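Visitor: I have a chain to look at and some questions about how it is put together. Could you take me through it?

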Amino acid sequence: MKLKKFTAPTTREALQKLRAELGEDAIILSTKQTAAGTEVLAASSQDLDMVTEKPAAAAPVSWTKADRAQQLAIQEPDRQPTQAERVAQQVAAQRDVLINRAPVVEQATQQVIPANDMVNEQTAVLDEIKQMRQLLKDQMAMMTWRDALEKNPQRGELWNLLTQSGFSPLFARTVVEKLPSDLSETQMQDWAMNVLKKNLNVVPANKDLVETGGTFALVGPTGVGKTTTTAKMAARCVVKYGADSLGLITTDSYRIGAQDQLRIYGKILGVQVYTAQTHADLQQLRNSMQRKRLILIDTVGMGQRDSRVAEQTKILTDSHVKRVLLLNATSQPETLDDVVRHYKSTGLSGAILSKLDEAIKIGGVLDVVMRHKLTLQYIATGQRVPEDLFPADPRVLVHRAMRSRSSQAFQASSEELKWKMAQVSTTGI
């Protein structure tokens, strides 16, 4: 067998020389680093087959090539096998092992495998492949994030700042990816706050519901403050345009005392409160209030997954009533996101943030508002009527969101943050 050496500055160049001369089936016997570069010792597959080929007058057919090699060593104890012969013996031994196992494999494949076992085995293999694939994606995402953080370490700082303020990891990552380089810490925070303010849609103070007028229904889950907010808006309208400019309707006939609460506010304001339980009642009341500047409808609170939400939405839509969604700032961001998705089926005319005085962090509710492109009408900060209702100011909201922090018990360590960032980059959560 002819052995050939190929030397090149790099391993890749040495392999290219090898394949060009010996072909793609060449056998690499050894590689080592020398002063000239990488040295590769190889032989062609044809030469190797000639060495391992059985001679015409060989031992009995039942002998394997490994046995024949052993016999040669016994017959000629004084002769040491060459390197080529040792390689040939190893290759022959491996081939014989495969040949000897072939009948066993063939016999095993001929057995009838139960269908359930085959399905379970395939499922297990697929699960393992998925796990390996996810592991590789996580590792690649981690490497990508590390490279990005090495080029601009402020990305990690801003991501941590946004998530600690209540914004979702996905939202934070979207903002961080556009962060310019070479900014100071103060400039970085100013840049982030400007981005948030530009993406937060609010109604100007001179174009809110009281100023524009119309028919609006306040909708949302139970306990978000719909009745109290209705009273606050009603008081604003009465103070500015008089009691005759306002119409009050309630559809809440489920809660005990719900109508009485709004009637007490109406009595203080000098406005009568009417009840509508069906589409016909609502349409009749609207026709009788055509000259009113503003008509406010206090609806019954329903969980976002209640089947009655769709019925209520249809009644209000058929009556050409605009809907304003109340969002509780103290709720979990995942819950708020679910509320918006169920209540915005036919479109919303805006949103009102309630209970901001009770919320520790408001980044989550602002995240939901920006992601669903809702327009903020007002913010409510307490129970006083009408004092605790203010126009939505993006500067105030963003400043408060960026200044709020969670307690130490809810903060992640640096290593946990790295894994969280990697998870967001692969799953998009």
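Guide: Let us begin where two helices meet. In H6, Arg 155, Leu 158, Trp 159, Leu 162 and Thr 163 are in contact with Pro 169, Ala 172, Arg 173, Val 175 and Val 176 of H7. Keep in mind that this is a predicted model.

Visitor: How many nonpolar, polar and charged residues does the contact of H6 with H7 have?
Guide: The H6 side includes Leu 158 and Trp 159, and the H7 side includes Ala 172 and Val 175. Arg 155 in H6 and Arg 173 in H7 also take part. By class, the contact has two charged residues, one polar and seven nonpolar.

Visitor: At what angle do H6 and H7 pack, and how far apart are their axes?
Guide: H7 covers residues 169-176. The crossing of H6 and H7 is right-handed. The angle is about 145°, and the axes are 9 Å apart.

Visitor: H6 also meets H8. Is H6 parallel or oblique to H8?
Guide: H6 spans residues 154-164 and H8 spans residues 185-199. Their axes come within 11 Å and cross at roughly 50°. Angles under 35 degrees count as roughly parallel, and 65 to 115 as roughly perpendicular. The crossing angle therefore makes H6 oblique to H8.

Visitor: Which residues of H8 does H6 meet?
Guide: H6 passes H8 in a right-handed crossing. H6 brings Gln 154, Glu 157, Leu 158, Leu 161 and Leu 162 to the contact. By class, the residues are seven nonpolar, two polar and two charged. The H8 residues are Glu 185, Met 188, Gln 189, Trp 191, Ala 192 and Leu 196.

Visitor: Now the sheets. Which strands are at the edges of the sheet of eight strands?
Guide: The sheet is open, its pairing is mixed, and its order is S6-S5-S7-S4-S8-S9-S10-S11. The twist averages 25° from one strand to the next. An edge strand here pairs on one side only. The edge strands are S6 (273-275) and S11 (389-391).

Visitor: What is the bridge partner of Tyr 378 in S11?
Guide: S10 covers residues 376-380. Three bridges join S10 to S11, and the two run antiparallel. In S11, the partner of Tyr 378 is Pro 391.

Visitor: Is Val 324 buried or exposed?
Guide: Val 324 is in strand S8. Beyond four places in sequence, Val 324 touches Leu 209, Phe 216, Ala 217, Leu 218, Val 219, Gly 350, Ala 351 and Ile 352. The C-alpha atoms of Val 324 and Val 219 are separated by 6.1 Å, though the two residues are 105 apart along the chain. The relative accessible area of Val 324 is 0%, so Val 324 is buried.

Visitor: Which helix lies across S8, S9 and S10?
Guide: Helix H14 (residues 333-343) lies across S4 and S8, running at about 170° to S8. The helix you ask about runs at about 175° to S9. Its residues are 363-371, and its name is H15.

Visitor: How many residues of H15 are buried?
Guide: Gly 363, Gly 364, Val 365 and Leu 366 are among the buried ones. So are Asp 367, Val 368, Val 369 and Met 370. H15 is mostly covered, and the buried count is eight of its nine residues.

Visitor: Is Thr 230 buried or exposed?
Guide: Thr 230 is in helix H10 (residues 226-241). Leaving aside neighbours within four places in sequence, Thr 230 contacts Leu 218, Leu 248, Leu 262, Leu 296 and Asp 298. The cut-off for buried is under 20% relative accessible area. Thr 230 has 1%, so Thr 230 is buried.

Visitor: Why is one side of S1 and of S2 left without a neighbour in the sheet?
Guide: Three strands form an open antiparallel sheet in the order S1-S3-S2. S1 (4-8) and S2 (27-34) stand at the edges, so each has a single partner strand.

Visitor: Which helix packs on the sheet of S1, S2 and S3?
Guide: S2 and S3 (residues 37-43) pair over seven bridges, in the antiparallel sense. Within that pairing, the partner of Gln 33 in S3 is Thr 38. The helix on the sheet touches S1, S2 and S3, with its direction at about 140° to that of S1. It covers residues 11-22 and is H1.

Terms used
Residues numbered from 1 in each chain as written. Predicted model: local features only at pLDDT ≥ 70, side-chain atom pairs only at ≥ 80, totals over all residues. Heavy atoms only, no water. Pairing = 2+ DSSP bridges. Helix = DSSP H or I, 4+ residues; strand = E, 2+ residues; numbered from the N terminus. Axes fitted to C-alpha atoms, helices over the stretch in contact; angles between N-to-C directions. Contact = heavy atoms within 4.5 Å. Buried < 20%, exposed > 50% of the residue type's maximum accessible area, 1.4 Å probe, protein only. Parallel < 35°, antiparallel > 145°, perpendicular 65-115°, else oblique. Left-handed = near helix turned anticlockwise from the far one by under 90°. Nonpolar A, V, L, I, M, F, W, Y, C, P; charged D, E, K, R; others polar.
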